[in-house]
Amino acid sequence: MWQQAVRRWHASCARAGRFGSHTFWESQYERGKAPNEWFLAAEQAATSTAEAFAAHEKVHGLGGPFAKVLHIGCGTSRLGNCLISALASHSQVSGRVMSVDYSAVAVAAAQAAVAMEAGEQQQQLFRVWDAASGTPPPALPNTMYSCGMSSRYDLLVDKGTLDALCFATDDALVAYLAAMRTCLLAPSLDSTMPPLLVHFTDDPPEVRGELFASAFPTTNGERWRCSCVELDLEGPGSLGDGTTSAYYRYTVHRDMV
């Protein structure tokens, strides 16, 4: 079972620290000390995501005029807005973004920033949702999705959330990955294109790749496709400590063949 494989990975790569604690992040958000962007700048991550999604479309066929996007662990990032712009430029699709975070404080701050920047929220909604809670993600309402409510997403984007979960318990990590699997396995009524997960981290394939191989195996008929691209981008450390690092983009989807 993939859950046992993930637990074995967690035991061998266990990371103890504050980054896996809800309490730590909540205090950071309340004091305005949490970084707005984890790892890559929002524009860089959005461009890379749109490129991956365009390549995914090229292989599996167009999914339609809308791309339903779940931005997981949005914090106070601007990534949602940047994804809308990048998807329009690279895939000529209209992004409908649901930005979610377990922290109501972070969600309120991110929503206020979008309202202040754009004057009004267009094509993006914010909801409080803990991806490791075992509950389904919020659905896009019919005001954003022309065919009615939809809890099926074409694109999942994670920029640092899985990294924080690697510092949490193995139960939390398994629950989070179970939610990702459920979203990636969700059938679509209006598209033959399988949902795509795009994840950014500074963990190389020998570490993060092993986790993905555990959570998304190719054995027992699971038929997952995982890939990794080194972005070769350097920037400030995730907590502004002045360090630099190489970053990686991982993609996961179910092989429909």
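Contact here means heavy atoms within 4.5 Å. Keep that in mind as you click through this predicted model, where local features need pLDDT of at least 70, side-chain atom pairs count only at pLDDT 80 or more, and totals for chains, interfaces and linings use all residues. Residues are numbered from 1 along each chain as its sequence is written, and side-chain values use heavy atoms, with hydrogens and water left out.

**Stop 1: T76**

Select T76, which lies in the loop between strand 1 (66-72) and helix 4. Helices (H or I, at least four residues) and strands (E, at least two) are DSSP runs, numbered from the N terminus. Is T76 buried or exposed? T76 counts as buried because its relative accessibility is 17%; buried means under 20% relative accessible area, exposed over 50%, and partly exposed in between (1.4 Å probe, protein chains only).

Now show what surrounds T76. Apart from neighbours within four places in sequence, T76 is in contact with Y29, P35, N36, A106, A109 and A110. Add G32 too: its C-alpha atom is 9.7 Å from that of T76, though the two residues are 44 apart along the chain.

**Stop 2: helix 4**

Move on to helix 4, residues 79-90. With twelve residues at 1.5 Å a residue, helix 4 should span 16 Å, and its end C-alpha atoms are indeed 16 Å apart; the expected span is 1.5 Å times one less than the number of residues. Colour L79, G80, N81, C82, L83, I84, A86 and L87, which are buried. Just after the helix, look for Q92, with a positive phi of about 55°.

**Stop 3: helix 3 against helix 4**

Add helix 3, residues 42-60. Helix 3 packs on helix 4 at about 40°, with the axes 8 Å apart. Axes are lines fitted to C-alpha atoms, for helices over the stretch in contact, and angles run from 0 to 180 degrees between N-to-C directions. The two helices are therefore oblique to each other (under 35 degrees is roughly parallel, over 145 roughly antiparallel, 65 to 115 roughly perpendicular, and the rest oblique). Which residues of helix 4 touch helix 3? They are L79, C82, L83, A86, L87 and H90, and their partners in helix 3 include A42, E43 and F53.

**Stop 4: helix 1 and helix 7**

Finally, select helix 1 (residues 2-12) and helix 7 (residues 170-185), whose axes come within 10 Å and cross at roughly 135°. That angle makes helix 1 oblique to helix 7. Show side chains where they meet: among them are W2, V6 and W9 in helix 1, and L173, L177 and R181 in helix 7.
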